[in-house]
Amino acid sequence: MSVRDARRGTTGPAVAIRDLRFSYVPGHEVIDLPALEFARGETVFLHGPSGSGKTTLLGLIAGVLTPQVGQLAILGTDLTTLSRGARDRFRAAHLGYVFQMFNLIPYLTVRENITLPCRLSADRRARVTDPDAAARVLADRLEIAPLLEARVTALSVGQQQRVAVARALIGAPALIVCDEPTSALDADRRDRFLELLFANVAEAESTLLFVSHDLSLAGRFDRTLALRELNRAAATGGV
Ligand SMILES: Nc1ncnc2c1ncn2[C@@H]1O[C@H](COP(=O)(O)OP(=O)(O)OP(=O)(O)O)[C@@H](O)[C@H]1O
Ligand SMILES: [Mg+2]
């Protein structure tokens with residue numbers, strides 16, 4: 001099955017947001033976004049000061065957080081109408097998420113962490129011939145192949161970050177969301193990592209949303225967004 005075939009059933013832009021509002025604590029809005037849209041296949045660099053709501057916005061786009069108000073359509077699916085379980089299934093099938101804190105499963109090996117999306121989602125499983133072989137290819141490119149059978153708790157921060165990236169890329173999800181994925185990598189590794197990320201994104205015809213403080217990376221992306229300029233909550237001094 002081609003990647004495009006596997007994605008049939010999703011329509012519309014990668015991300016379409018209208019009048020989206022979110023607060024962790026009532027009365028303290030963190031996100032107030034009038035409009036934001038990403039086309040399919042776009043690579044987007046998102047930056048903003050610490051605390052400006054970058055991770056929160058990614059959590060909303062991934063369906064981990066639920067907005068109080070607004071429209072949030074991901075790959076043509078309105079996340080606000082889905083149950084929690086349906087959102088979890090949608091995320092597993094269509095989103096590769098590199099969390100800022102990695103969120104690796106501590107009692108699983110590197111290989112088991114990387115192949116996890118293929119166990120959680122039939123869509124992701126259908127896009128690889130053999131999950132273990134796909135994990136080996138990604139691990140090899142990310143220079144963590146010798147660690148495949150190690151527990152993730154035995155890894156350095158930079159190694160854990162690369163496991164998180166391999167887990168996001170496996171099974172060619174339509175939308176890849178990365179929260180500071182290069183912060184623990186040295187300059188050489190960072191450049192090789194970005195090459196791999198862009199090659200995978202192009203091959204899978206995925207959309208990439210990439211959050212980083214490192215503005216020197218912005219030129220590699222189709223579009224650069226400053227969250228502070230888009231987010232009315234940040235502009236008005238909201239929490
Ligand atoms: N779980 C939470 N409960 C309550 N408030 C939170 C929670 N997570 C984040 N916040 C608040 O929401 C705001 C935005 O946080 P967020 O983590 O989205 O920022 P960020 O732009 O990703 O910052 P950084 O660059 O430091 O990662 C901050 O003021 C933070 O204190
Ligand atoms: Mg953050």
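Is Thr81 buried or exposed? Thr81 is exposed, because 11 other C-beta atoms lie within 10 Å of its own, and a residue counts as exposed with 12 or fewer. I should say at the outset that what we are looking at is a predicted model, and everything I describe this morning was computed from that model.

To stay with Thr81 for a moment, this residue sits in the loop between β5 and α3. Its C-alpha atom is 9.6 Å from that of Gln71, and the two residues are 10 apart in sequence.

Let me now step back to the whole chain. The protein chain contains 10 helices and 9 strands, and its C-alpha trace spans about 50 × 40 × 35 Å along the principal axes. For 239 residues, a compact globule would be expected to have a radius of gyration near 18 Å, and the chain has 17 Å, which agrees with that expectation. Of those 239 residues, 42% count as buried. If we take the contacts with a separation of 6 or more, 75% of them are between residues 24 or more positions apart.

I will turn next to the sheet that involves β5. Here 4 strands form an open sheet, antiparallel in its pairing, and their order is β2-β1-β4-β5. The edges are taken by β2, residues 28–38, and by β5, each of which has a single partner strand, so one side of each is left without a neighbour in the sheet. Inside that order, β1 (residues 15–25) and β4 (residues 69–74) run antiparallel and are joined by 5 bridges; as an example, Arg21 has Val69 in β4 as its bridge partner.

On the other side of that loop is helix α3, residues 84–94, in which Phe90, Arg91, Ala92, Ala93 and His94 are buried. The elements that cover these buried residues include β5, β6, α4, α5 and β7. Of these, α4 is itself mostly covered, with 8 of its 11 residues buried, among them Val110, Ile114 and Cys118. The cover over the buried residues of α4 includes α3, α5, α6 and α7, so to speak a set of helices.

That brings me to β7, a strand worth following on the screen. How many of the residues of β7 are buried? The count is 5 of its 5 residues, and both faces are covered, with Leu175, Val177 and Asp179 on one side and Ile176 and Cys178 on the other. As for its partners, β7 pairs with β6 in the parallel sense over 4 bridges, and Val98 finds its bridge partner in β7 at Cys178. A further 5 bridges join β7 to β8, residues 207–211, and these two strands also run parallel; there, Asp179 has Val211 as its bridge partner.

Val177 in this strand also leads us to the interior. The largest nonpolar core has 63 residues, and those with the most contacts inside it are Leu138, Ala166 and Val177. The largest share of this core, 6 residues, comes from helix α7, residues 157–169. If we leave aside the neighbours within four places in sequence, Val177 is in contact with Leu58, Ile61, Ala62, Leu95, Tyr97 and Leu209.

Finally, let me come to the ligand. Which residues are the closest to ligand 1? They are Tyr24, Ser50, Lys54, Thr55 and Thr56, out of 12 residues that surround ligand 1. By kind, the shell divides into 3 nonpolar, 8 polar and 1 charged. Helix α2, residues 54–61, gives the most to this shell, with 3 residues.

Thr55 is located in helix α2, and with 19 C-beta neighbours inside 10 Å this residue counts as partly exposed, because a residue needs 20 or more to be buried. Leaving aside its neighbours within four places in sequence, Thr55 is in contact with Gln100 and Asp179. The C-alpha atoms of Thr55 and Cys178 are separated by 9.5 Å, although the two residues are 123 apart along the chain. With that we are back at β7, where Asp179 and Cys178 are both buried, and I will stop there.

Notes
Residues numbered from 1 in each chain as written. Chains lettered and ligands numbered in written order. Predicted model: local features only at pLDDT ≥ 70, side-chain atom pairs only at ≥ 80, totals over all residues. Near = placed C-beta within 6 Å. Nonpolar A, V, L, I, M, F, W, Y, C, P; charged D, E, K, R; others polar. Rg over C-alpha atoms; globule rule 2.2 N^0.38 Å. Contact = placed C-beta atoms within 7 Å. Core = buried A, V, L, I, M, F, W, Y, C linked by C-beta atoms within 7 Å. Pairing = 2+ DSSP bridges.
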